[in-house]
Amino acid sequence: MSDSPLASFLLPQGYARPHLVSLLHEARIVGEVGRYAVRRGEERRSRQGRPAPQRAAAGADPVLLVPGFLAGDATLSAMSTSLRQRGFRTYRSHILANVGCTLESVDALEGRLESLAERRGSRVQIVGHSLGGMIARGLAARRPDLVSGIVTMGSPMMAPAAHHRVLSWGVDVLVQLSRVGLPGLMSAECVAGTCARRSFDESREPLAAGVGFTAIYSRHDGIVDWRACIDPIAVPVEVTASHCGMAVDPRVIDAVSEALFANSAGAERLSRIA
């Protein structure tokens, strides 16, 4: 961990940082974007002359999409479009770039969840990519009254520092800029102090009954250790995709859609029992 600004407890024994050459796996995103473009073309042709889709599964919970580290809502726009075509109500996180304190992001999104839950009259599902999934995990533990289920994609919850050195360099730049007074960025406390400890602990707390959890991972992930993406309390779903490509690969979007339907069905069954 000498070349990483993150605390050592964020890389528990049993996990490792991907090798430098692992980044080559991310070249898959070219094909994944192409696959998405082909799928979108097929969907447009199949919808011609057909009525607009009805809302998913007659009352499925709204879906909040949370982007990964250094990313913003725009990176999940393709997924949002596809989920909407399947009838889900999707909402942005209002994160332009996920570069701030994780706990502050959780606090801000907690307010966003409260607003959505009040507006829609139901709990909310969260789909999070990478760091966004870790934020979703913390929110689900903190507010089960607002969250009915989460779907994480390439989110190393079990070892947040089990990521490629490229990300560590990015974190280090943010910390240095924070030290010189640039606001809204991760500080040393966020990645190696009590703030980091609290965020890490919160993302490992048990989830309440009725909160669904699906963890999507890929052994071809060139950014994080895929083993760190499998939370023992989640339903693991393996896909064949790059880390960045999870946001656009239609096969991953299919997996996300299936998980959202499953979470909604599970929550509905639990409410009937109660």
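1. A cavity, in the sense used here, is a set of grid points over the protein atoms where a 1.4 Å probe fits but cannot get out. The structure discussed below is a predicted model, and the points that follow take up its enclosed space and then its sheet.

2. When the whole structure is searched, one cavity of 30 Å³ or more is found, and the largest cavity holds about 380 Å³ of space. As general background, rolling a probe the size of a water molecule over the atoms shows where empty space is left.

3. The lining of the largest cavity is made up of 24 residues, and those that lie nearest its centre are Leu6, Thr102, Leu131, Met134 and Pro160. Sorted by class, this lining has 17 nonpolar residues, six polar ones and one that is charged.

4. Several helices contribute to the wall of the largest cavity: α3 (102-120), α4 (131-142), α5 (165-179), α6 (188-192) and α7 (194-202) each supply at least two residues of its lining. Of these, α4 also deserves attention in the sheet, where β3, α4 and β4 together make a right-handed β-α-β unit.

5. Turning to the sheet as a whole, six strands form an open arrangement in the order β2-β1-β3-β4-β5-β6, with parallel pairing. At its edges stand β2 (90-92) and β6 (235-239), each of which pairs on one side only, and the twist from one strand to the next averages 20°. In general terms, strands of a sheet pair through backbone hydrogen bonds, and they do so in either the parallel or the antiparallel sense.

6. Strand β4, which spans residues 147-153, is mostly covered, with seven of its seven residues buried; the threshold for that word is under 20% relative accessible area. On one hand, β4 pairs in the parallel sense with strand β3 (residues 124-129) over six bridges, and within this pairing valine 124 has valine 147 of β4 as its bridge partner. On the other hand, five bridges join β4 to strand β5 (residues 212-218), again in a parallel run, and here isoleucine 150 stands opposite phenylalanine 213 in β5.

7. Strand β5 is also joined to β6 by five bridges, and these two strands run parallel; in this pairing threonine 214 stands opposite valine 235 of β6. A reader tracing this part of the sheet in the model can therefore follow the strand order β3-β4-β5-β6 by way of the residue pairs 124 with 147, 150 with 213, and 214 with 235.

Conventions. Residues are numbered from 1 along each chain as its sequence is written. This is a predicted model: local features need pLDDT of at least 70, side-chain atom pairs count only at pLDDT 80 or more; totals for chains, interfaces and linings use all residues. Side-chain values use heavy atoms; hydrogens and water are left out. On a 1 Å grid over the protein atoms alone, a cavity is a set of points where a 1.4 Å probe fits but cannot get out, and a pocket is an open set with protein on both sides within 12 Å along at least five of seven lines; lining residues have an atom within 4 Å of a point. Grid points are joined across faces, edges and corners, and a volume is the space filled by probe spheres set on the points. Helices (H or I, at least four residues) and strands (E, at least two) are DSSP runs, numbered from the N terminus. Ala, Val, Leu, Ile, Met, Phe, Trp, Tyr, Cys and Pro count as nonpolar, Asp, Glu, Lys and Arg as charged, and the others, Gly among them, as polar. Buried means under 20% relative accessible area, exposed over 50%, partly exposed in between (1.4 Å probe, protein chains only). Two strands pair if DSSP finds at least two bridges between them. A crossover is right-handed if, with the strands pointing away from the viewer, the path from the first strand over the helix to the second runs clockwise. Axes are lines fitted to C-alpha atoms, for helices over the stretch in contact, and angles run from 0 to 180 degrees between N-to-C directions.
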